[in-house]
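Subject: Structure handover

Hello,

Please find the structure below, followed by notes on what came out of it.

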Amino acid sequence: MGLYIETRVRADLDTLWDRTQEPERHQRWDLRFTEISYLPRAGDEPQRFRYATRVLPFLAVAGTGVSAGERHRAGGERVSALRFASPHPLSLLAEGSGYWRYVPTADGVRFLTGYDYRPRWGLAGRVADRLVFRPLMGWATAWSFDRLRLWCERGITPERSRNRWLLELLARVLAVAVPWAAGSLPLGFAALAAVPLTVLGLALAVLVPPSSRTPAARRCLRTPPARTRAPRLLAALEQP
């Protein structure tokens, strides 16, 4: 799999499962999606779904997918797998697949994902994906996982954690912008102090760790600790 994200959630497995498998709850914490909804299905066939991501106030990129889960595996582990595709010409992601794995531990759940996708737009799309989009997707997934962890562990709703993150981001920006703006004032103490204060503000913005109650992608593991393999369940799913 091209992308790997892992976090440890100190909460019971059923809570984590419900908040990742129910579309209404999933779309609250996952930055990658604006809307997720299940499509009708018959019997025990895999669950088909529709997803959408709003990229502009007036533009949403949509696609469809199919997913399946296993709640009872050896050692209490659970797993879910999905395949997805988007026909939208503005979607860089043409099609892809991935899985979530839930591994019980002594103090909670080891929650991890592996996924990959095929970009469209030919060579230009592959370059844009490698330089911009794939790192952004990795960051968004890790940030969302930490947002989910705060919800499960501390009861901080996704909406509250998003607002706290935005306020913290604003404070970091102001730490750099205010002294930098002071440098444009007429020559005087403020102007003379602007450069060292701007450097100090930049150092604080970069080096001060995020609040323990604010989502942060850096808290997640981004490299698999050992050689990992996608679950067999994924191979059984047909492309939507």
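Which residues does Arg-78 touch, not counting residues up to four places away in sequence? This is a predicted model, and in it Arg-78 touches Leu-13, Asp-14, Trp-17, Glu-70, Arg-71, Arg-73, Trp-100, Arg-101 and Tyr-102. Arg-78 belongs to strand β5, residues 78-85. Its relative accessibility is 9%, and since buried means under 20%, Arg-78 counts as buried. There is also a polar contact: the Arg-78 side chain comes to 3.5 Å from the backbone oxygen of Arg-71.

On the sheet: 7 strands make up an open, antiparallel sheet, ordered β1-β7-β6-β5-β4-β3-β2. At the edges are β1 and β2 (35-38), each of which pairs on one side only. From one strand to the next, the twist averages 20°.

Two helices are worth listing with the sheet. Helix α3, residues 122-154, packs on the sheet and touches β1, β6 and β7. The direction of α3 makes about 160° with that of β7. Helix α1, residues 13-21, lies across β1, β2, β4 (59-70), β5, β6 (93-105) and β7, and runs at about 170° to β6.

Edge strand β1 covers residues 3-9, and 6 of its 7 residues are buried, so β1 is largely enclosed by the rest of the structure. Its antiparallel partner is β7 (residues 108-119), joined to β1 by 7 bridges. Within this pairing, Leu-3 stands opposite Tyr-115, and Glu-6 has Leu-112 as its bridge partner.

Next, the nonpolar cores. In soluble globular proteins, nonpolar side chains tend to be buried together. The largest nonpolar core here has 19 residues, of which Leu-16, Tyr-102, Phe-111, Phe-145 and Leu-148 touch the most other members. Two or more residues each come from β1, α1, β6, β7 and α3. Helix α3 gives the largest share, 6 residues. Another core lies apart from this one; it has 10 residues, including Ala-68, Ala-81, Tyr-99 and Leu-237.

What does Phe-145 touch, leaving out residues up to four places away in sequence? The contacts of Phe-145 are Ile-5, Thr-7, Trp-29, Trp-100, Phe-111, Leu-112, Thr-113 and Cys-220. Trp-100 is also one of the residues touched by Arg-78, and Leu-112 is the residue that pairs with Glu-6.

Regards

How values were computed
Residues are numbered from 1 along each chain as its sequence is written. This is a predicted model: local features need pLDDT of at least 70, side-chain atom pairs count only at pLDDT 80 or more; totals for chains, interfaces and linings use all residues. Side-chain values use heavy atoms; hydrogens and water are left out. Buried means under 20% relative accessible area, exposed over 50%, partly exposed in between (1.4 Å probe, protein chains only). Helices (H or I, at least four residues) and strands (E, at least two) are DSSP runs, numbered from the N terminus. Two strands pair if DSSP finds at least two bridges between them. A polar contact is a pair of N or O atoms within 3.5 Å; within protein, one must be able to donate a hydrogen and the other to accept it, and residues adjacent in sequence count only if both atoms are side-chain atoms. Contact means heavy atoms within 4.5 Å. Axes are lines fitted to C-alpha atoms, for helices over the stretch in contact, and angles run from 0 to 180 degrees between N-to-C directions. A nonpolar core is a set of buried Ala, Val, Leu, Ile, Met, Phe, Trp, Tyr and Cys residues joined through side-chain atoms within 4.5 Å.
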